[in-house]
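Me: I've got a model open and want to talk it through. Can we start with the charged pairs and then wander around a bit?

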Amino acid sequence: MSKLVIVESPAKAKNIKGYLGRGYDVVASMGHVRDLPAARLSVDIANNFEPKYAVIKGKENFVKDLKKKADASDYVYLATDPDREGEAISWHLATLLGLDMKEKNRVTFNEITKNGVKNGMEHPRAIDIDFVNAQQARRILDRLIGYKLSPFISQKIRRGLSAGRVQSVALRLVVDREEEIRAFKPEEYWSIDAKFTNPPERKVFAAALYGKGTEKIKIENKEQSDKILADLENAQYIVTGVKKGSRKKNPTPPFTTSTLQQEASRRLSFQARRTMKAAQELYEGVDAGELGTVGLITYMRTDSLRISEEARAAGNEYITETYGEKYLPKKPRYYKSKSNIQDGHEAIRPSMPKVTPEQVKPYLTSDQYKIYKLIWERFIASLMEACQQETMKIEISAAGYIFNATGYTVKFDGFTALYEEKTDDEKSDSSSAPLPPVKEGDELKLRSILGNQHFTQPPARYTEASLTKALEENGVGRPSTYVTITSTILNREYVKREGKQFVPTELGEAVTKLLEERMPNIVNVKYTSKMETDLDKIDSGEKDYKEMIRHYYDDFEKPLEKAKAEMQGVKIRLKEEETDEVCEKCGRKMVIKVGRYGKFLACPGYPECKNTKPLVYKTTAKCPECGGDVIEKKTKKGTSFFGCSNYPECNFMTWDAPSDEVCPKCGKSLFKRRGNVLYCPDTEGCGFTKPAPRKKKSETEE
């Protein structure tokens, strides 16, 4: 018998074929084969929101070939990814191939290993139509909102803008945070910080002023600080209290999609897209030497914290063999997933817990290794015993004032022997320093005492990691959408990056303000979260997807029609960005405008002066052929290249980026080529090269 298995990616197809062997033909659909055509709305609103699907342009021949393969096969298995999107792709494939929707031909692989593939093939099921409808509801709502709202904001602000069910909420979070920062008024406060030793101990430890008597003191200015320091001059510092205790620090759960993206951002400075690319490759399978071609992690789009008992047992066995029995908790630890999650597959974990990162490092790319190490360590640590700490608090009295010193020592390292989660706030914690042995009545020796000025700080701007966390905590979007959301608001120039931080542009703030005033539900976090919850209820069959679409479409359509009527002829003007380029016709400084084909320079004196010219970015480099300025240009596809500003008189052009450095031999500008090498492009054959300086970590984010 010949059996056809359809998966999504060629890499996965190749690896699964290796496990299934003869009698199976495994082909890749390359994602969706059918979708709502982009050229029109493709949703029949009058006919109960019936979607009008079509084969994706360019895949017509593939579908024909697939039909021939299906007709020639004795059985067809639909093995697309184990989530809503994968279920929908299987449904579209079944529709195109004329398969029976009630037939048990749907198989899923939580991991691309021999056992994972075998287990999936042994448990086929029918396509879950509720799961499909949940995906359809999202797709149709996103299309209705995007196609009807985007033209409105484009007309009112500027051509080519977009709005969406989730992206507009994400943008509002960034804009609201910026408004908080602007409105923030820093308040001055002071601290009194001292350092002591307890003779004959030489160890210096820190303590901070708490208060006077039993009252906590708030020091608001230098005068108050100086008065306290004067009161403490020549004072005796006596230990008046020692309190010892213990505390337990538990490990964090294994990764979900969101927490993997956040931790990779904090530890590795990876953007979410880079993280998910490496994770996808690890899931689909890599050639791992003696292990063969194998998927090293489970499916990477999940918000579940569940792990299989087989994986737990394998992880426990590794911990016992490597660290010993005491590193395993007496009672297994189970993590509780949120109530509104898809629990069809597990948390992200190594598919074979005994395979350490070091074992497979020679076979992985740098990114694959770093992500696998992160996932493997987090999973193994999640099974380990808690870290036991002994805490100590010392109270010190002097001239009626009270100082406190806190610290701890690690009694048993537990999971921290392997891994500890990073936090967004990475300031050093003085309470982590162990304190020397002291007892009540000890007189301490003062080493130093200072009054230090501080100011309260505004809330931090969002980074990609913290925005993802905020969306997840607010129930907005799903694991598979976070990368797209952040990419969209960046690509639309609604926000820009400053280091790792997201800063809203004037355009982003204008879009948010318009939507807040005219379409408040679209940017309402709670409303969008409720919509997400209702969409989740379609999964289980609790809600009819067409009725749900109608409910939310009615909420959306009425305010949109009202806004269109009330804003006829209204155009929101953005402040134009002025440049140093001077209009040669009237002498004004030209401004950057955006047209159908992108940005260009225009004279602000329009309509009296209608001068325009292409926008080019001048670099610091000089042309090696004529000495003119080297400018950055763009191809039609948006790729950067560099050429001489004296074109067409000078034809110098290169794909290599110019640097700020000059050649020490001939004085001409150096350019950077692949391999991180700076070279001199002197046409007479100077030949100078040198390694380019490596960027600092903060500058290497993708």
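Reply: Sure. The structure holds 45 salt bridges. Keep in mind that this is a predicted model.

Me: Which residue does Arg-165 pair with, and how far apart are the closest N and O atoms?
Reply: Arg-165 makes a salt bridge with Glu-532, and their closest N and O atoms are 3.3 Å apart. Arg-165 sits in the loop between helix 5 and helix 6 (167–183), while Glu-532 is in helix 16 (residues 525–539), so the pair ties together parts that are 367 residues apart in sequence.

Me: Are those two buried or exposed?
Reply: Arg-165 is buried, and Glu-532 is buried too.

Me: Which residues are in the salt-bridge network with them?
Reply: The network links Arg-84, Arg-138, Asp-142, Arg-165, Arg-478, Glu-532, Asp-536 and Asp-539.

Me: OK, another pair. What does Arg-349 bridge to?
Reply: Glu-346, with the closest N and O atoms 2.7 Å apart. Arg-349 has a relative accessible area of 4%, and Glu-346 has 6%. The cut-off for buried is under 20%, so Arg-349 counts as buried and so does Glu-346.

Me: And Glu-566, what's its partner?
Reply: Arg-518; the closest N and O atoms of that salt bridge are 2.5 Å apart. This pair links distant parts of the chain, with Glu-566 in helix 17 (residues 545–566) and Arg-518 in helix 15 (residues 506–518), 48 residues apart.

Me: How accessible are Glu-566 and Arg-518?
Reply: Glu-566 is partly exposed, at 45% relative accessible area. Arg-518 is partly exposed as well, at 26%.

Me: Switching to helix packing. At what angle do helix 3 and helix 5 pack?
Reply: About 105 degrees, for helix 3 (residues 84–97) against helix 5 (residues 129–156), with the axes 8 Å apart. That makes helix 3 roughly perpendicular to helix 5.

Me: Which residues meet there?
Reply: From helix 3 you have Arg-84, Glu-85, Glu-87, Ala-88 and Trp-91; from helix 5, Ile-129, Phe-131, Val-132, Ala-134, Gln-135, Gln-136 and Arg-138. By class, that contact has 6 nonpolar, 2 polar and 4 charged residues. Arg-84 and Arg-138 also turn up in the salt-bridge network we just went through.

Me: Now sheets. What's the strand order in the parallel one?
Reply: It's an open sheet of 3 strands in the order 2-1-7, with parallel pairing. Strand 2 (24–28) and strand 7 (75–78) are at the edges with a single partner strand each, so one side of each has no neighbour in the sheet. On average, neighbouring strands here are turned by 20 degrees against each other, ignoring direction.

Me: How many bridges are there between strand 1 and strand 7?
Reply: Strand 1 (residues 3–7) pairs with strand 7 over 4 bridges, in the parallel sense. For a spot to click on, Leu-4 has Val-76 in strand 7 as its bridge partner. Helix 1 (residues 10–20) packs on this sheet and touches strand 1 and strand 2; its direction makes about 170 degrees with that of strand 2.

Me: Where's the antiparallel sheet?
Reply: Look at strands 23-24-25-26, in that order: the 4 strands form an open sheet with antiparallel pairing. The edge strands are strand 23 (617–622) and strand 26, and each pairs on one side only. Strand 24 (residues 629–634) is joined to strand 25 by 5 bridges, and Glu-632 stands opposite Phe-642 in strand 25.

Me: Last topic, backbone oddities. Which bonds are cis?
Reply: One is the peptide bond from Tyr-606 to Pro-607, with omega near 10 degrees. Pro-607 is in the loop between strand 21 (598–602) and strand 22 (612–614). Another joins Tyr-647 and Pro-648, with omega about 10 degrees, and Pro-648 lies in the loop between strand 25 (640–644) and strand 26 (653–654).

Me: Where are Ser-269 and Glu-493, and what's phi for Ser-269 and Glu-493?
Reply: Ser-269 is in the loop between helix 8 (257–268) and helix 9 (272–284), with a positive phi near 60 degrees. Glu-493 is in the loop between helix 14 (482–491) and strand 17 (495–498), and its phi is positive too, near 65 degrees. Most residues other than glycine have a negative phi.

Me: Is Ser-269 buried or exposed?
Reply: Ser-269 counts as buried at 13% relative accessibility, whereas Glu-493 is partly exposed at 32%.

Terms used: Residues numbered from 1 in each chain as written. Predicted model: local features only at pLDDT ≥ 70, side-chain atom pairs only at ≥ 80, totals over all residues. Heavy atoms only, no water. Helix = DSSP H or I, 4+ residues; strand = E, 2+ residues; numbered from the N terminus. Buried < 20%, exposed > 50% of the residue type's maximum accessible area, 1.4 Å probe, protein only. Axes fitted to C-alpha atoms, helices over the stretch in contact; angles between N-to-C directions. Parallel < 35°, antiparallel > 145°, perpendicular 65-115°, else oblique. Contact = heavy atoms within 4.5 Å. Nonpolar A, V, L, I, M, F, W, Y, C, P; charged D, E, K, R; others polar. Pairing = 2+ DSSP bridges. Salt bridge = Lys/Arg side-chain N within 4 Å of Asp/Glu carboxyl O.
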